[in-house]
Every structure is written in structure tokens, then in C-alpha cells.
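Visitor: I am new to this structure and would like a close look at a single part of it, with enough of the surroundings to place that part. Could you take me through it slowly?

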Amino acid sequence: MIKVDGLWYEVDWPTAFARCTELLAPVIAEHGIGAVTAYTGNPLAHSFSLARYAGVLLGLSGMPLTYSPGTVDQWPKNLSSHLMYGGWWSFPVPDIERTDLLVVMGANPAASQGSLLAAPDVMGLVEAVRRRGTVIVIDPVRTRTAERADEWLPITPGTDAALLLAVMHTLFAEDLVTLGALEPHLDGVDTLRTLAADWPPERVAAVTGISADRIRELARQLGTTPRAVVYGRIGTCNQEFGSLASWLVDVVNILTGHFDIPGGAMFPTAAAWSVTVQPIPGLEDGAAEFGRYRTRVRGAKEVLGQVPVSCLAEEIATPGEGQIKALITVAGNPVLSTPAGDRLDDALPLLDAMISIDLWLNETTRHADVILPGPSPLEQPHHDDLILHFAVNSVANYSPPVFAKPDPQAPDEWEILIRLTGLCTGTPAEDVDVGAIDDGFFDYLCFTQGLDGATVRAQYEHGGPERILDLTLRTGPFGDRYGENPGGLTLETLRQHPDGINFGPMVPRVPDVLGTSDRKIRLAPPYLVEDLPRLARRLTRAPDELVLVSRRHLRSNNSWLHNVAPLMKGRDRCTLLIHRDDADLRGIAAGDIVTVTSTGGTINAPAELTDDIKRGVVSMPHGWGHGKTGTRLGVANDSPGVNTNVLSPVDFLDEPSGNGALNGIPVEVRLAR
């Protein structure tokens, strides 16, 4: 679809690509490729084409800076993994199939199905842990996961790192540290011992809301249970001390001897390696050389190739050298899903050109000049790529398309990405040699595996993502390596096993998995240690009257699920969760419309009273705020809700990673006038 004088028209693909050229080429000619950027959304991790080809657009287009939701929900984990293990996607995951003590911090697998913990029937596995042991949930809200746990410890938002430091203090003070076979591969134990001395439980009890005695007992439980693990997820990431919390989750698992062993935190072995997880050039060996560039307006520093996504609006709206003039969005809705998305909503009409690869005419893409839709998920194959790097078993599972595309000539998403990449480098989109760029990309991937691309390509009749999948399977840990390992895994093998192949549970992988030059885990990265004084200042800060945290529902993980009718049945879920005592103090009754105000903005929402939230904390779900003029979201617009990201101050961040702090936002709540 293309927009002419504010009206949308359906056109054929050559016309659409020609319009992309008409829009984008003049911007690049006048301002250079630095005036063009891209936003890639959450569905990339779930799309067969986009997951394997987004790197073509981001890496070959020449755009110096792009944006993603990574700096909203997980960048602290990428950062701590990069600094500790030399791999920015080397995430240890809890071996919940074999653990006897599971401590969950800031995660709600009952709603998110595990997130950076991929397992079928994850709550069934949690229940199995309860039957043989104990499950403890540390969270400001008694989530559905907490309801099914043995114990709920309500914690003050943003203080997880302080709690973990006190646990670490107790481990050293009571001689509960067990390093085991991992000890030769650790660097920094003595540094941790020195740091921990300054963080006794009494120092953090008041600010965390968890007593010193319970903190000590938690440390003893972890230190004396043979098979135990701490799992931290999004609540430990998108807060003002997300990097410290993400780091310390792993530190506690290591110090208690619950790392790289069954029942603890382990590194998964994916059957197919992912293009996404490849090292960032210039940041090998866990280097902390961040701030290699800074944003033009705010001066925000780059971390692992990203800057805070909240910078995008100001980079578009602020005139001057380097102003963003053109935007390509790929399967994303940042107007609803990023901090201060309302400011981005105001800024997008200022662009000279906006092109969206998307299935929806949503709150973001309504501002586009061209929308290029890919096939539906059921019209393309599927094999999980990135997600299986977090799986508790080494699984490969290929699914062919369920339906043929109605128009066989319509390009797939990977072809669209290649055409836009060629356009960014000077070739009209309609004239791009898609096959040549695809072959070049494939040759590069072969090169990373020590193979000659031309020789390997001769074995295929067609290019595209299935060719890449076959390459990553065959050169993966179980692959046949093109005949070197007879009987090894290939895509054809998976086609013959429609239920997939499970190569078994996680196995110890240290030191082979480490990307550090000395093959050691760096327990005390200076870049993170230097952030401890900021946390110390938090302990003496006057408490806020109320703070806001985000939440998910099983049927409402992200904004793009709100337009799926079966998921939207039932009661209104876009409500402000508030403790009954806090509501009584403000004269608020159940169902009242309340005004919620932060330094970022103001929203109105119905109040939902409960005892299942810590006093002083309120909660709103994210991804809402539909009903905007110009969208075509028939289901979502019937239940619009409000956009809680309006309340997110753009300068409220986890400073080491640049991740937005969406939990722990100081707010005021009162009856709406």
C-alpha cells in the first residue's frame, strides 16, 4: 500500500518498490545515509525470514545507527553476558527440569512462557519443582507464577541488585561459597569477596522490603541445596539497576556451585546457530569499549551497538546536521512499545520518508508512506532461531508452510529486506539483484564456518532462508558438515521428522562456550563494579510515595496480540493494579477512573484493587493505547486501553546499558476529575 495525499491505495509490487525509490533516494542524495535509520521490532525473533535477514539491512545498508526494543527489555542481560563470558547472547538459563530449588526474580513464566527460558509447558515444570523441592518468587506483584509458588517475597522495585549483594555477603561471611570444578575457570573471586563485605543484609533490608533474617536464610537455602538456581528476567532488566541485577544473578549461581551443572544455570546448545549471536566486530573478548559514538541530541552513548530507543523521537524532531529524515520500520510498533512513544507519534509526521515492512496498519505504520507486507506466519516455513538458544533441551523442529501464498509472485520478507538494502546503497529498489546479494550474504556465512561459499552454494537450487537454515543446521553441533560427519543433522533430516528431534538436556560447556581470550569467566567486570556507588546512593534516597511497574498477561504479551480476537475475550485487562490500603488512602474504589502522573506524562485508567501487590507499588500492562485515527485494527480498537509508556521518562535508565527503566517509575495516583 502507498499513501497519496493522506489516503491509502493498494498497488502492485513494482509500483510499491518504485515509490520506495522515489521517497528514499532523494533523502540519501541530499543528506547521506546517516539521515536514514531503522527500527526492528519484537516479531523478528519469531519470523522465519526476518530473523535470518534483518542483519542484511542493518549490516549492509550503511545506516550508522538503528534502533530496537532490545534497549527496552533485555540489554542489561546482553551486557552482563558480554562482559562476563565474552558472548553478548551467551545467556545461562535455569535447568528447571532437574533443579530442586527455583528462585524466580522479576519473571512471570505463567504469562510469558519463559521468555529467555524456552521450555514446553514451563509451568508444568515449575509445578514439578514444587513437588520435589521449593519455588520462591521475588517480585513486587503476586503474579500468576507467584500464586503457584511456595513463597512470595514482595520486593521494592529496582532493589534486586541490593538484595543479591546481601545474599553474596552472607555466602562469603558464612563460608557457603562453593566453586567446585568451575574454580579454575573463574577470575575475580577475591574482588567479589571484598565488594560483598560492604553489603550486609541489614544495610539493604529496609530499602528492599525483605528482612535481614530472610535474606540470610535465602542465602543459606541457595548455599546448601545441592541442585538450586536463581532465574532473573525482564523485571531485573528494565529497571534503573538492571545491569547490576543481571550480573549478580549469575554471580550468585556461580558462588553457590550452581553454574554449568545439571539443576543449576547452564548454557544451552542450539542445534542451529543464529546469525544474531555472532560477535560484534571491535567488541571481541568482552571488551567494554562502549560510547564509540553518541547520539546527536542527548549525547547518549552506544552500548553493544545500540542507544536508548527513546532517543529516536528527538533525533527526528530536532533540526540540524545529522537529523533523521527517513525511517524504515520492520515488524514493530514503537509508538506503543517504547518509552515516551507518544513523543515518537508526534515526531513521525516530520519525516521525509517512512517505509514499513509490516502486516498491520497500526499506531506506528499509519505514519508510513509505503507498507510492504510479508506473508502470514502460516504461509511460510518455521524453525525457531534465536529462541532455541535459550532452550533447556537441544531441539530442532522444522515446520513447512501450512498454506501456499495467494500470490506466488509476491516477495517474501527476506526479499523485501534485500531490496531496501540495495536501495540504501544506491540501486533503485525495483532494480536490485536480490539473488546476487543473497548469494553474497550466504558466502559470508559460509566463510564464518571455514567453508567456501561458491562450493557450498553449488549444492542448492534456491537461495533464501531455508538455505541458511540448512547451513546453520549442518555446521551446528549435531550437523553433518556437508558430509564430514555422516549421519549428522540436515534440513532434509528434519523434514523427515515432523515432530522434531530432541538431542537431550543441557550439558556442561565451560570453558568451550566462553569467548574471553583466557577462557575464564570474569566475575567482577570493572565496567559493572564502577556502577555500585550509584546503587549505594539509592539506599539513602527518600522513598517514593508510589512507584509503577509493568506487567503482562497470558493473552496480552505485546501490542501485536491485541488484534487477535480469541485473545481479547473476557474482562478489561488494561487496569491500574493498586493495593487496597493505598486505594483507601486516596479514596479510590474498585472501577474508579484514576489519573496516573509521572514526570513523563499523564494517563487515566480504571483502578483494580487487590492485596496481591506490595504497598507503595502500582502496576499497568504495556502495549495498549489503540484506537488512534488512521489505524485498521478492528479488534484492538474495540478495547483501546491506554499507553503506559507515556509515563516513562526518557532519562530514567539503567546507566551502564542504556536500557529504559520501565519498572520503579515514581508516580502520583488520584481520582480523575
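Guide: In this predicted model, the chain folds into 24 helices and 25 strands. Its radius of gyration is 25 Å, close to the 26 Å that the globule rule gives for 673 residues, so the chain is as compact as a globular protein of that length. Along the principal axes, the C-alpha atoms fill a box of roughly 70 × 70 × 45 Å. Of the 673 residues, 61% count as buried, and the accessible surface comes to about 25400 Å², with 52% of that area belonging to carbon and sulfur atoms. Among contacts with a separation of 6 or more, 74% are made by residues 24 or more positions apart.

The part to look at closely is helix α20, which runs over residues 465–474 and is mostly covered, since nine of its 10 residues are buried. Those buried residues begin with Pro-465 and then take in Arg-467, Ile-468, Leu-469, Asp-470, Leu-471, Thr-472, Leu-473 and Arg-474. An α-helix has 3.6 residues a turn, so residues three or four places apart point the same way. What, then, covers the buried residues of α20? The cover includes α2 (48–60) and the strand β14 (393–396), and also the helices α17 (413–424), α18 (434–448), α19 (453–457) and α21 (491–495).

Beyond the helix, the loop between α20 and α21 holds Gly-479. With a relative accessible area of 6%, Gly-479 is buried, because buried means under 20%. Leaving aside residues up to four places away in sequence, Gly-479 touches Leu-473 and Arg-474 as well as Asn-485, Gly-488 and Leu-489. Leu-473 and Arg-474 are themselves among the buried residues of α20, and through them the loop residue touches the helix. Gly-479 and Phe-447 are 32 residues apart in sequence, and their C-alpha atoms are 17 Å apart in space.

With the helix placed, other loops of the chain can be read for their backbone. Most residues other than glycine have a negative phi, and most peptide bonds are trans. Val-510 and Pro-511 are joined by a cis peptide bond, with omega about 10°, and Pro-511 is found in the loop between β15 (501–505) and β16 (521–522). Asp-260, a residue other than glycine, has a positive phi near 65° and lies in the loop between α13 and β10 (265–266). Phi of Asp-285 is likewise positive and near 65°, and Asp-285 sits in the loop between β10 and α14 (311–317). Are these two residues buried or exposed? Asp-260 has 7% relative accessibility and so counts as buried, whereas Asp-285, at 27%, counts as partly exposed.

The empty spaces of the model complete the surroundings. The structure holds seven cavities of 30 Å³ or more, and the largest of them has a volume of about 100 Å³. Of the 13 residues that line this largest cavity, the closest to its centre are Lys-77, Pro-92, Tyr-231, Gly-232 and Asp-250. At least two residues of the lining come from each of β4 (93–94), β9 (228–232) and α13 (242–255), and by class the lining divides into nine nonpolar, two polar and two charged residues. The second largest cavity, with a volume of about 70 Å³, is lined by Asn-333, Trp-360, Asn-362, Glu-363, Ser-559, Trp-560, Asn-563, His-626 and Leu-633. That lining has three nonpolar, five polar and one charged residue.

Among the open spaces, the second largest pocket has a volume of about 970 Å³. It is lined by 44 residues, and those nearest its centre are Asn-108, Thr-143, Arg-551, Arg-552 and His-553. The elements that give two or more residues to this lining are α5 (109–112), α7 (144–147), α12 (234–237), β17 (547–551) and β20 (602–610). By class, the lining of this pocket has 13 nonpolar, 16 polar and 15 charged residues.

To return to the part you asked about, α20 is a mostly covered helix, and it is followed by a loop in which Gly-479 is found.

Methods. Residues are numbered from 1 along each chain as its sequence is written. This is a predicted model: local features need pLDDT of at least 70, side-chain atom pairs count only at pLDDT 80 or more; totals for chains, interfaces and linings use all residues. Side-chain values use heavy atoms; hydrogens and water are left out. Buried means under 20% relative accessible area, exposed over 50%, partly exposed in between (1.4 Å probe, protein chains only). Helices (H or I, at least four residues) and strands (E, at least two) are DSSP runs, numbered from the N terminus. Contact means heavy atoms within 4.5 Å. On a 1 Å grid over the protein atoms alone, a cavity is a set of points where a 1.4 Å probe fits but cannot get out, and a pocket is an open set with protein on both sides within 12 Å along at least five of seven lines; lining residues have an atom within 4 Å of a point. Grid points are joined across faces, edges and corners, and a volume is the space filled by probe spheres set on the points. Ala, Val, Leu, Ile, Met, Phe, Trp, Tyr, Cys and Pro count as nonpolar, Asp, Glu, Lys and Arg as charged, and the others, Gly among them, as polar. The radius of gyration is taken over C-alpha atoms; the globule rule is 2.2 Å times the number of residues to the power 0.38. Accessible areas come from the Shrake-Rupley method with a 1.4 Å probe; for residues, only the protein chains shown count as cover.
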